[in-house]
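Please examine how the parts of this assembly meet one another. The explanation below turns to the surface around the nucleic acid and then to the interface between the protein chains.

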Protein chains: 2
Amino acid sequence: MGIEHKTRTQLVAEAIREKILSGEIKAGEPLRQAALAEELNVSRIPVREALLQLEAEGLVNFEAHKGATATMLSADQIDEIFDLRALLEAELLRHSIVNLTPRDLLEAEAILYDLEEATAAGDTQLATGKLNAEFHVKLYSKANRPQTAELVAMYGKNSERYVRMHILLAGGIKTAPEEHRTLLEFCKTKDINAACDFLKKHITGAKDDIKQLLVKMEQSQ
Amino acid sequence: MGIEHKTRTQLVAEAIREKILSGEIKAGEPLRQAALAEELNVSRIPVREALLQLEAEGLVNFEAHKGATATMLSADQIDEIFDLRALLEAELLRHSIVNLTPRDLLEAEAILYDLEEATAAGDTQLATGKLNAEFHVKLYSKANRPQTAELVAMYGKNSERYVRMHILLAGGIKTAPEEHRTLLEFCKTKDINAACDFLKKHITGAKDDIKQLLVKMEQSQ
DNA sequence: CAATATTAAATTGTATACAATATTAAATAT
DNA sequence: ATATTTAATATTGTATACAATTTAATATTG
């Protein structure tokens, strides 16, 4: 049982990803291979490979001979990504919901409990971040649709920095806390169509909230 | 206006991609960096970078220290990919259909004409391949959903080898030729729901056809 | 002989060095 | 002075060389 040995490329990818998601590297900013290599104490090879990976994740644009830049998502692109998420997550839920066991639903409720507590405590970072994701993942956990799940994860990561930014600037997403409970209720009663429709609205609502801010930012430039 | 200069990585990616799609490299087969490098007269660096790109496209699995293999899609995975395609292509069509001009529809009809001619001439390769794709792309052309379109293109590429294989082994997909014409008709009358529902069935039908063959192949192993 | 440990070979991962391209600065011409 | 060329610099792309890891083969032990 040897310890997992991470390759430099993977470590570099994680480092750069976090820099982008945290906003330390701003959208549009060029990512110089040599600079990153020196900063992270590696050669340019793993930096290049990490950048290629991040491009696949949609976090980076890599143009031959020109170099890489952190992707800059326009309001339109955010719009599309959230629509895709709504579509794909509803599809996951549709397949998962019939397989959700009572235990799954209780576990989801447990997460929801923490989430509501975090909300009450004013920790929007935690509530709209980690716990929110955990709750959704739990509901999708029995979908048995690995490729769809991977897509959802990718777009989730891609949205993450905008959600974070929104939390920072607007103090959280105004998603009503009871929305999650409503969704869970539909899952319990196995009301597939109601659950999926509600989920779509839930995601689209978050989108509208974020987009409003983004449009304002685009105008103020 | 300098000529477009392709990087070795891009050329290598194209070469390997075609090898996989054509079946020259079979699913599951390991892709040795050194061998590919020598064969293509480059160093291992562009080979590695090409393999990373192909992994992002879903054609290759790249495991650290173990190496890359051509992805092997199970019947289940094929199933899921075609479901995703149905979902995403319907979404594209939904957004495109209202913007399709009479000219767009005539161009689609022109492609359809060629397609039907190819079918009549027995050229299923052309009919289910290039022309079929062209027809679909035309219908989606006014969706204004670049990221969704990119996903659709990716999954299209991913399905391609199985479609090709199916054409080879079963002499084409049994998609009724009139299905395309029905779809076009719904687009002309701007009957969005009918068009999208029909498109989903159209894609799912192709899936069932291919999956049947795949299940048989998996059993015979 | 089977199972495990050890060594050797193959293969991948990464650093360094150099080549190709793009960007910027300087020089020249209009 | 402005526009266009030319040279210098910065940056990316790729080959080579070496290090790390895995896989295969061999040796060792119970």
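In the classification used here, Ala, Val, Leu, Ile, Met, Phe, Trp, Tyr, Cys and Pro are nonpolar, Asp, Glu, Lys and Arg are charged, and the remaining residues, Gly among them, are polar. Applied to this predicted model, the scheme divides the surface near DNA strand C into seven nonpolar, eight polar and six charged residues. DNA strand C is surrounded by 21 residues, the closest being Arg8(A), Ser43(A), His5(B), Arg44(B) and Arg48(B). Helix 3 of chain B gives the largest share of this surface, three residues.

Sugar or phosphate accounts for 75% of the atoms of DNA strand C within 4 Å of the protein, and bases for the rest. Several approaches to phosphate oxygens can be specified. From Thr9(A), a polar side-chain atom lies 2.9 Å from a phosphate oxygen of DNA strand C. Backbone N or O atoms also take part: that of His65(B) lies 2.8 Å from a phosphate oxygen of the strand, and that of Gln33(B) lies 3.4 Å from one.

The two protein chains also meet: 21 residues of chain B are in contact with 21 residues of chain A. About 2200 Å² is buried between them, with 57% given by carbon and sulfur atoms. On the side of chain B, Glu49(B), Glu80(B) and Gln147(B) lose the most area to chain A, together 28% of what that side buries.

Four salt bridges are found across this interface. One of them joins Asp83(A) to Arg145(B), with the closest N and O atoms 2.8 Å apart. Ten residue pairs are in polar contact between the chains. Helix 4 of chain B supplies the largest share of the side that touches chain A, eight residues.

Methods
Residues are numbered from 1 along each chain as its sequence is written. Chains are lettered from A and ligands numbered from 1 in the order in which they are written. This is a predicted model: local features need pLDDT of at least 70, side-chain atom pairs count only at pLDDT 80 or more; totals for chains, interfaces and linings use all residues. Side-chain values use heavy atoms; hydrogens and water are left out. Contact means heavy atoms within 4.5 Å. Buried area is the accessible area (1.4 Å probe) that two parts lose on being put together, summed over both. A salt bridge is a side-chain nitrogen of Lys or Arg within 4 Å of a carboxyl oxygen of Asp or Glu. A polar contact is a pair of N or O atoms within 3.5 Å; within protein, one must be able to donate a hydrogen and the other to accept it, and residues adjacent in sequence count only if both atoms are side-chain atoms. Helices (H or I, at least four residues) and strands (E, at least two) are DSSP runs, numbered from the N terminus. A residue is near a molecule or strand if one of its heavy atoms lies within 4 Å of it.
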